[in-house]
Amino acid sequence: MPLAWESDLTVNICILSVLFFEAVLHGGLIPVNTQYQRLFASAPISLTLLDEKGRTVLSSPGTRPISRSVWKRLNTDIQQPLLRDRDTQFHAVPIRGGMAVWQEDLSQINRLRREIQDMQTRLEAANALLREEGEVKKRLLAAQTNQALFEQLDWDMERRITSLANLIETLPEAERPGNLTAYITLCLCHIKRRCNLFFLARQGELLPGDELGMYLDELAELGRYGGLKTLLRCGQIGALEIRSAALCYDFAFETISWTLREEASPLMGYLEIEGSQLAFRFLPGGDPGHWQFSRELRSAVAALGGQIVCKDLDDAFGICLTIPLGGESCG
């Protein structure tokens, strides 16, 4: 070769070495990457190789070209993904001589996000509907409870109110209207306090012994207006269950009413705790043997395991109500 004859030995050796390595590379004796185009054509992601000036060297088929402005923004902070539009996000890593950029398709993620938001909206609407339905049911239940409560109250007070109405009708023709007026006032007081005890029972509260004593003093004071000489006292008792307190109050009312009608004055009463029982004793000024307590009171006392006993004490008579102590707190 004329070039070889006219060159020195070093040039010849370099040229022969280059030709030798080229032949080895093409012969496959040294593994090299020569199928970049086929690699990018088969890449499942939208991959692009850019040189140092932002020019595209290799790109996957169908990949949208990367503009100059996008390349500059990627160069500014290559670690942070860049959102091209709602459904496309760029990721880049530096390589020798440029950078590798791939595009992530966010359309499926956005679709799932929209479906989740739609589902959340429907769930919120369903929850709002359930809350509204719950409020409606709660109001309906409250109305039904109130109706049942007042029906029970009406049933409980019907007998007393009917008896009171009959007394009021006979008041103009009464021989002693003062005594009858006092008795009517006593009945009104009893109805008022029984309503109060009725609602306290529905609230599950206890009645302090001092408050029960105040109720009994009120009955005694009204009895005095009718000419009855009476004295009621309460011992050291704590809070009582409403049922027990109501029985003591009804027992005192019926006893004072009978004494007032029969003019069996004087009347003395004492409420105390004896062991495991609540005892309420009366000493009337007449014989109560021919008089009976109401069936409602006797049934209520029997339901609590108590009893009402009339005793002949030689020169006096006694009436005693005993009720076993249940959940009352004694003091």
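This short talk walks through a few strands, surface patches and salt bridges of the structure shown above.

Before anything else, please keep in mind that we are looking at a predicted model, and that I will move from the strands towards the surface and then to the charged pairs.

Let me begin with strand S12, which covers residues 317-324 and is mostly covered, since 6 of its 8 residues are buried. Which strands pair with S12? One of its partners is S10, residues 277-283, which runs antiparallel to S12 and is joined to it by 6 bridges; another is S11, residues 307-312, which also pairs with S12 in the antiparallel sense, over 6 bridges. If you would like to find the pairing with S10 in the picture, look for Leu278, which stands opposite Ile323 of S12, and then for Phe282, whose bridge partner in S12 is Ile319. On the S11 side, Ile319 of S12 stands opposite Cys310, so that Ile319 is a residue to which both Phe282 and Cys310 lead us. As a general remark on reading such a sheet, side chains in a regular strand alternate between the two faces of the sheet.

S10 has a further partner in strand S9, residues 267-274, and these two pair in the antiparallel sense over 7 bridges. Here the residue to look for is Tyr270, whose bridge partner in S10 is Arg281. S9 and S10 form a hairpin with 2 residues between them, and in the turn Gly275 has a positive phi of about 65 degrees. Arg281 also uses its side chain, which meets that of Glu274 in a salt bridge of 2.6 Å, N to O. Arg281 counts as partly exposed, because its relative accessible area is 34%, and Glu274 is likewise partly exposed, with 33%.

S11 and S12 form a hairpin as well, with 4 residues between them, and Asp314 in that turn has a positive phi of about 65 degrees. Is Asp314 buried or exposed? At 77% relative accessibility it counts as exposed, because the cut-off for that word is over 50%. Asp314 is also part of a patch of negative charge on the surface, where it gathers with Asp287, Asp312 and Asp315.

A patch of another kind is formed by Phe20, Phe21, Leu25, Leu29 and Ile30, which make up a nonpolar patch on the surface with about 510 Å² of accessible area together. Within this patch, Leu29 is found in the loop between helix H2, residues 9-27, and helix H3, residues 36-42, and Leu29 is exposed, with a relative accessible area of 67%.

I would like to finish with the charged pairs. How many salt bridges does a search of the whole structure find? The search finds 10, and besides the one between Arg281 and Glu274 I will mention a few others. The side chains of Arg55 and Asp51 meet at 2.9 Å, N to O, and here an exposed residue, Arg55 at 51% relative accessibility, is joined to a buried one, Asp51 at 16%. In helix H5, residues 107-170, Glu135 and Lys138 lie 3 residues apart, about one turn of the helix, and their side chains form a salt bridge of 3.9 Å, N to O. Of these two, Glu135 is partly exposed at 38%, whereas Lys138 is exposed at 53%. Finally, Lys192, Arg193 and Glu218 are linked in a network of salt bridges.

Key:
Residues are numbered from 1 along each chain as its sequence is written. This is a predicted model: local features need pLDDT of at least 70, side-chain atom pairs count only at pLDDT 80 or more; totals for chains, interfaces and linings use all residues. Side-chain values use heavy atoms; hydrogens and water are left out. Buried means under 20% relative accessible area, exposed over 50%, partly exposed in between (1.4 Å probe, protein chains only). Two strands pair if DSSP finds at least two bridges between them. Patches are made of residues with over 30% relative accessible area and no salt bridge: like charges are joined within 9 Å, nonpolar side chains (Val, Leu, Ile, Met, Phe, Trp, Tyr) within 5 Å. Accessible areas come from the Shrake-Rupley method with a 1.4 Å probe; for residues, only the protein chains shown count as cover. A salt bridge is a side-chain nitrogen of Lys or Arg within 4 Å of a carboxyl oxygen of Asp or Glu. Lys and Arg count as positive and Asp and Glu as negative; His and the chain ends are not counted. The place of a charge is taken as NZ of Lys, CZ of Arg, CG of Asp or CD of Glu.
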